[in-house]
Amino acid sequence: MRRTRAAAASAVTVSLLAAVTACGGGSSTEGGSNDSPKTLTYWASNQGPSIEADKKILTPELKKFEKDTGIKVKLEVIPWSDLLNRILAATTSGQGPDVLNIGNTWSASLQATGALLPWDAKNFGKIGGKDRFVESALGSAGASGSDPAAVPLYSMAYALYYNKKMFADAGISAPPATWDELVADGKKISKDGKWALAAEGSNPSENIHHVFVLGKQHGADFFDADGKPDFTSDGAVAAVKQYVDLMGKDKVIAPGNAEYAQNQSLQDFAKDKTAMVMWQTAATTLKAHGMSDDEWGVAPVPVQSGSPGADTAVNSMVAGINLAVFKNTDNIDGAVKFVNFMTSADEQTILNKTYGSIPPVKAAQQDPAFNTPALKVIRDTLAKSAAPLPQVPNESQFETAVGTAVKELFAEAAAGRPVTTATVKEKLSEAQQQMPKK
């Protein structure tokens, strides 16, 4: 999911999501109809710099679809701060769009409402087959062991962006590949008002993304095999402590970053205040802040040792947007045709190129536009070393509870108070107690 989603959205929707999941949603379980074969309603997420910009980007593509099929698409672009609430209201009322974008970390939660069309082998066959898509992107499309609840549309992953001049001034010849190297390099850089690494310490979603990855590197998943929260395992505690220690113990993140939640870390990076930032597809934003492409480099996010890969060598969550169909649509055939159109190699190339993301469709990734040094790192990460956030019904509550716990621990570190293993475990225990009881 895009990091610009309002962090408050998860907190606002936790109780509503729990209620909807418990009751199974309000949509028909019988499947859609074809009562309105000439129209579709599409809720798009705000991927560009503004809603108006998204309309200008998407409208010509939707006109192509109308020309090809005779189906008129009614477009509404919805800001991230409203999108999940709108979707949840639609699942209870049954009055939703035909097709919609969802943040990929919501897939399992929304799947549990029963409102979305399952993408079984028959439905995937109508859009060219499941094998067209990158496996890691499909892993964030629904609960494990179930047919996906949505189809991947835009993919992103984290990378380490670094300031070339600040590295050169500190005598550092290459970006760090491990966390020990990052801390060592960071101590060379963090002086005279400059800092090594930027972070969004007050953004629960951003916090979750990073501690989830560190958790994988420490052998923790935050949920057990039955989908029950397991926030206080040794690996989970070690992951959260390692992340917060970058500020409190290692002192390579500025204490002021504990209050960042609105992408201030990218601004600091662009203004040469910090030398590194872990981010998703940041090139367009850095350019908007006045930083030229030759001023920064990009590398994989560090691992504990060795090189990025699977299991404990994971170095990113699978970020992105999925395309879903409401099960009670009155144009089921048209909705599936629309998904096929939006995930065609041509449209994937056009849209992902425009938005600076990576196509989850393999054929579209062959376009030279996705072979720039920056996007190649992200593409390779998605293919080899990214893992989906837990695809469980309570994922949104997990983001809120643990992400907020990390926010509070950053506040402790910023205030100069020690963040011990016991402190972290206590905070994570409190977070686990906030999770819904089954």
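This text goes through the two domains of a predicted model, the boundary between them, and some of its aromatic rings.

The domain assignment divides the protein chain into two parts, each made of two stretches of sequence. Domain 1 takes residues 39-156 and 319-387, while domain 2 takes residues 159-317 and 391-434. Taken over C-alpha atoms, the centres of domain 1 and domain 2 are 28 Å apart. In the contact, domain 1 takes part with 28 residues and domain 2 with 25 residues.

The size of an interface is often given as the accessible area lost when the parts come together. Between domain 1 and domain 2, about 1800 Å² is buried, and carbon and sulfur atoms give 59% of that area. On the side of domain 1, the residues that lose the most area to domain 2 are Thr-105, Ser-385 and Ala-387, which together make up 29% of what that side buries.

What polar links run between the domains? Six residue pairs are in polar contact between domain 1 and domain 2, with both residues at pLDDT 80 or more. The count of salt bridges between domain 1 and domain 2 is zero.

The aromatic rings come next. A pair of aromatic rings is described by the distance of the centres and the angle of the planes. The structure holds 14 aromatic pairs. One of them joins Tyr-162 and Phe-167, with 5.1 Å from centre to centre and 45° between the planes, so this pair counts as tilted. Both Tyr-162 and Phe-167 are buried.

Elsewhere, ring pairs link Tyr-42, Phe-65, Phe-338 and Phe-341 into a cluster. Trp-43 has a charged partner: Arg-86 lies over the face of its ring, 4.6 Å from the ring centre.

How values were computed
Residues are numbered from 1 along each chain as its sequence is written. This is a predicted model: local features need pLDDT of at least 70, side-chain atom pairs count only at pLDDT 80 or more; totals for chains, interfaces and linings use all residues. Side-chain values use heavy atoms; hydrogens and water are left out. Rings of Phe, Tyr and Trp (its six-membered ring) pair if their centres lie within 6.5 Å; planes under 30 degrees apart count as stacked, over 60 as edge-to-face and the rest as tilted. Buried means under 20% relative accessible area, exposed over 50%, partly exposed in between (1.4 Å probe, protein chains only). A charge sits over a ring if NZ of Lys or CZ of Arg is within 6 Å of the ring centre and within 35 degrees of the ring normal. Domain bounds come from an automatic or database domain assignment. Contact means heavy atoms within 4.5 Å. Buried area is the accessible area (1.4 Å probe) that two parts lose on being put together, summed over both. A salt bridge is a side-chain nitrogen of Lys or Arg within 4 Å of a carboxyl oxygen of Asp or Glu. A polar contact is a pair of N or O atoms within 3.5 Å; within protein, one must be able to donate a hydrogen and the other to accept it, and residues adjacent in sequence count only if both atoms are side-chain atoms.
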